[in-house]
2 protein chains.
Amino acid sequence: MAPAQLRPPTMADVARRAGVSHQTVSRVLGDHPNVRDETRARVLRAIEEMGYRRNSSARALVTRRTRTLGVVASDTTLYGPASTLFALEEAARAEGYLVSTVSLRRLTVDTLSEALDHLGGGGVEGVVAIAPQRSAVEALAELRHRFPVVTVGSGPGVGIPGVNVDQQLGARLATGHLLAAGHRTVWHLAGPEDWQEAADRAAGWRATLEAAGVEPPMTLRGDWSPLSGYRAGQELAGWVGRGLTAVFVANDQMALGVLRALREAGVRTPQDVAVAGFDDIPESEFFAPPLTTVRQDFSAVGKRSIALLLDMIEGREPAGVPRIAIEPQLVVRASTFPYASGQGAAPT
Amino acid sequence: MAPAQLRPPTMADVARRAGVSHQTVSRVLGDHPNVRDETRARVLRAIEEMGYRRNSSARALVTRRTRTLGVVASDTTLYGPASTLFALEEAARAEGYLVSTVSLRRLTVDTLSEALDHLGGGGVEGVVAIAPQRSAVEALAELRHRFPVVTVGSGPGVGIPGVNVDQQLGARLATGHLLAAGHRTVWHLAGPEDWQEAADRAAGWRATLEAAGVEPPMTLRGDWSPLSGYRAGQELAGWVGRGLTAVFVANDQMALGVLRALREAGVRTPQDVAVAGFDDIPESEFFAPPLTTVRQDFSAVGKRSIALLLDMIEGREPAGVPRIAIEPQLVVRASTFPYASGQGAAPT
DNA sequence: GAGGTCATTGTGAGCGCTAACAATTCATGC
DNA sequence: GCATGAATTGTTAGCGCTCACAATGACCTC
């Protein structure tokens, strides 16, 4: 048995074994048309026998294509960002790209800039930034980089190409659903001020009420966490019997806290107060009661983002700044309508 | 103003501008000691002025180091894998490495093999596989690859280097806590059979009971989802009054389903039945009632995994197959002890 | 002032690949 | 039989960088 090779075989090694030039090997690997079948077979056999793999660095050096994309994200343990990340990677892989991720604890000019540097230093051809906070988008707009950047979740009307779920539409669906169920008005527990998605959801809620000729009640604000929802829920409980019969909560986790606070205050859901959330996290179907919420198509967001980014990389960037919107979907469960899905919406 | 460069500047461009050889530029960038301060400053200025960045592909080609690690994972929207992923990326970045992720919908020999190929084709120097399923680990053991692989979550006693939270210990903590609270026995809702973590948690539960001289009751099994927990909870409700007073559920999501099923059956938690979970997902503090559970230190898992992988890459692989264990921690809340968190205890 | 040492800088080769072009082979038509 | 062109294969030149080594010059030492 031959001694184990210290270095992995190169194209030249394969060529020697197959009795051809290294360029012919390159042609076989590159699916070039003008290679005789017999030659191709011989080369493929040599490749197989030697366990040859092309050296990606050498390839990247000469082609100037690393076939790697970057993603910058934060809060990646939350359902939304994690789902987006998953969808992005899957879409990129389908296009033959590798995805390098940087997960930040906080999105600031500094951390973002460092992340882009880190990714750029690794040779990514483009970056998707999951940047749901306005400050992050502003930071992004300031930063210089040598590769195209696409944002996700930064909302419409920003000077950077991006893909978004139509948050306003989602909020209109939820709020409209509550109004249609007979509620005179709908309260709102909003997300953090700096988040574009929070602003859009609040705007959609407000617009729906105003279109129905209803004066929007005061807005409460949380930080997406169940705890902040719980606190807001305690406050909301104080308004029961004084016009509060329905609440649209800006995400499911806060809705969980609201539900608990209401329950502890002796307020029944949905009989006394109806509650709707946003996100459709897997748990929300099992809240007490199961939560009406808005589902987002993350897979579509991933595919569209990657397609847009690749367009920009290939220089196919269309005129103007592309802003793509994806439609969300209302999921009705027992928290807004006692008969929505039988006994607790539980499959039997 | 000069016309925008088509190609980014190279080391030679910088050298020309600074009036030195390209090698001196390389030395400055490589922090070589023997460069005159004045020269270094001149080079750095030229780099700054031209916005020069080293070409990572060229560097990788000659150094044979891509400074990229790969991660293979599945179920990345779940709290555990997402947290692990986050910790891995953060640890790798601290070491100057880029992390390329492949997120699989299902871990099989084929998908795993494809994922390793994809990562290998991108030139990763090593891979961390988040492979909590036994079948995945077996597949991994079969596969040939040209880079070191470290597993996370595949449990102890596997012939592949890996890092794990001590699941048995976590289960002993939870089960022991319930026994100490006065319960005569503890039931168990286990995770999917194929998951090593599920097996370890079940083993820890069983061992604790046997050590206390208690015959373990029959084991129920779910698939980690709240729905499966709900179904198991309905079955468990039938055993209340016949010796069932405490349940150790293998993860928090299933525990959520159990809580709901018990509540719907008129069984109070924790007065009638105490429930403990595993994972400490952020929501579990806001379940009804707040859930006693076991917290894992994902950050430690990430750091240790990356350190181990880098050791192997550097050829510092120690004798034997390293299996590193991380200690989990019990978090006691109202679901096992009515006075644990005061006003969060039970709906009034 | 010859020889030696050290710090500093430059030169040349080559990592493994693809692209451009050159060379060879082969079939075809007259 | 030979020109013609298409199909097939080989040759050469980098891509931008790091490494090994050579060259230069400053500074000592005796």
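# Notes on a two-chain model with DNA

1. **The two copies.** Take chain A, turn it by 180° with 0.0 Å of shift along the rotation axis, and it superposes on chain B with an RMSD of 0.1 Å. That is how copies related by a two-fold axis behave. If you want to find the axis on screen, look for Ser100(A): in chain A, its C-alpha is the nearest to the axis, 2.1 Å from it. Both copies also use the same surface, as 95% of the contact residues of chain A recur in chain B. Keep in mind while you look around that this is a predicted model.

2. **Who surrounds DNA strand D?** Strand D has 27 residues around it, and the closest are Arg27(A), Thr39(A), Met11(B), Ser26(B) and Tyr52(B). Notice that this list draws on both chains. The helices tell a similar story: α2 (22-29) and α4 (56-63) of chain A, together with α2 (22-29) and α4 (56-63) of chain B, each supply at least two residues of the surface near the strand. The top contributor is α4(B), with 5 residues. By residue kind, the surface near strand D splits into 9 nonpolar, 12 polar and 6 charged.

3. **Which parts of the DNA are close to the protein?** Among the atoms of strand D within 4 Å of the protein, 62% belong to sugar or phosphate, and the rest belong to bases. Three individual contacts are worth zooming in on. Ser21(A) uses a backbone N or O atom, which lies 2.8 Å from a phosphate oxygen of strand D. Arg54(B) has a polar side-chain atom 3.0 Å from a phosphate oxygen of the strand. Arg64(A) also brings in a polar side-chain atom, but here the partner is a sugar or linking oxygen of strand D, 2.9 Å away.

4. **Helix α1 of chain A.** This helix covers residues 11-18, and its buried members are Met11(A), Asp13(A), Val14(A), Ala15(A) and Ala18(A). A handy rule for reading such a list: an α-helix has 3.6 residues a turn, so residues three or four places apart point the same way. The cover over the buried residues of α1(A) includes α2 and α3 (37-50) of chain A. Now check the two ends. At the N-terminal end, Thr10(A) acts as a cap, with a side-chain oxygen 3.2 Å from the backbone nitrogen of Ala12(A). Just past the helix sits Gly19(A), with a positive phi of about 70°.

5. **Is Ser83(A) buried or exposed?** Ser83(A) counts as buried, because its relative accessibility is 6%, under the 20% cut-off. You'll find this serine in helix α5 (residues 79-94) of chain A. Its side chain reaches back to the backbone oxygen of Tyr79(A), at 2.7 Å. Setting aside neighbours within four places in sequence, Ser83(A) is in contact with Phe298(A) and Thr77(B). So don't hide chain B when you look at this residue, because one of those partners, Thr77(B), belongs to it.

6. **The largest nonpolar core.** This core holds 56 residues, and the members touching the most others are Val249(A), Val275(A), Val249(B) and Val275(B). In chain A, the elements giving it two or more residues are β6 (187-190), α10 (226-237), β8 (246-249) and α11 (252-264), and the list for chain B has β6, α10, β8 and α11 as well. For a closer look, try Val275(A): leaving out neighbours within four places in sequence, its contacts include Val247(A), Val249(A), Ala255(A), Val258(A), Leu259(A) and Leu291(A).

7. **Backbone oddities in chain B.** Most residues other than glycine have a negative phi, and most peptide bonds are trans. Here are some exceptions to hunt for. The bond from Thr269(B) to Pro270(B) is cis, with omega near 5°, and Pro270(B) sits in the loop between α11 and β9 (274-276). Another cis bond runs from Ala288(B) to Pro289(B), with omega near -5°; Pro289(B) lies in the loop between β9 and β10 (293-295). As for phi, Arg64(B) has a positive value near 60° and is found in the loop between α4 and β1 (68-74). Arg67(B) lies in the loop between α4 and β1 too, with a positive phi near 50°. Its relative accessible area is 35%, so Arg67(B) is partly exposed.

Terms used: Residues are numbered from 1 along each chain as its sequence is written. Chains are lettered from A and ligands numbered from 1 in the order in which they are written. This is a predicted model: local features need pLDDT of at least 70, side-chain atom pairs count only at pLDDT 80 or more; totals for chains, interfaces and linings use all residues. Side-chain values use heavy atoms; hydrogens and water are left out. Helices (H or I, at least four residues) and strands (E, at least two) are DSSP runs, numbered from the N terminus. Buried means under 20% relative accessible area, exposed over 50%, partly exposed in between (1.4 Å probe, protein chains only). A polar contact is a pair of N or O atoms within 3.5 Å; within protein, one must be able to donate a hydrogen and the other to accept it, and residues adjacent in sequence count only if both atoms are side-chain atoms. Contact means heavy atoms within 4.5 Å. A residue is near a molecule or strand if one of its heavy atoms lies within 4 Å of it. Ala, Val, Leu, Ile, Met, Phe, Trp, Tyr, Cys and Pro count as nonpolar, Asp, Glu, Lys and Arg as charged, and the others, Gly among them, as polar. Copies are superposed by least squares on the C-alpha atoms of residues with pLDDT of at least 70 in both. A nonpolar core is a set of buried Ala, Val, Leu, Ile, Met, Phe, Trp, Tyr and Cys residues joined through side-chain atoms within 4.5 Å.
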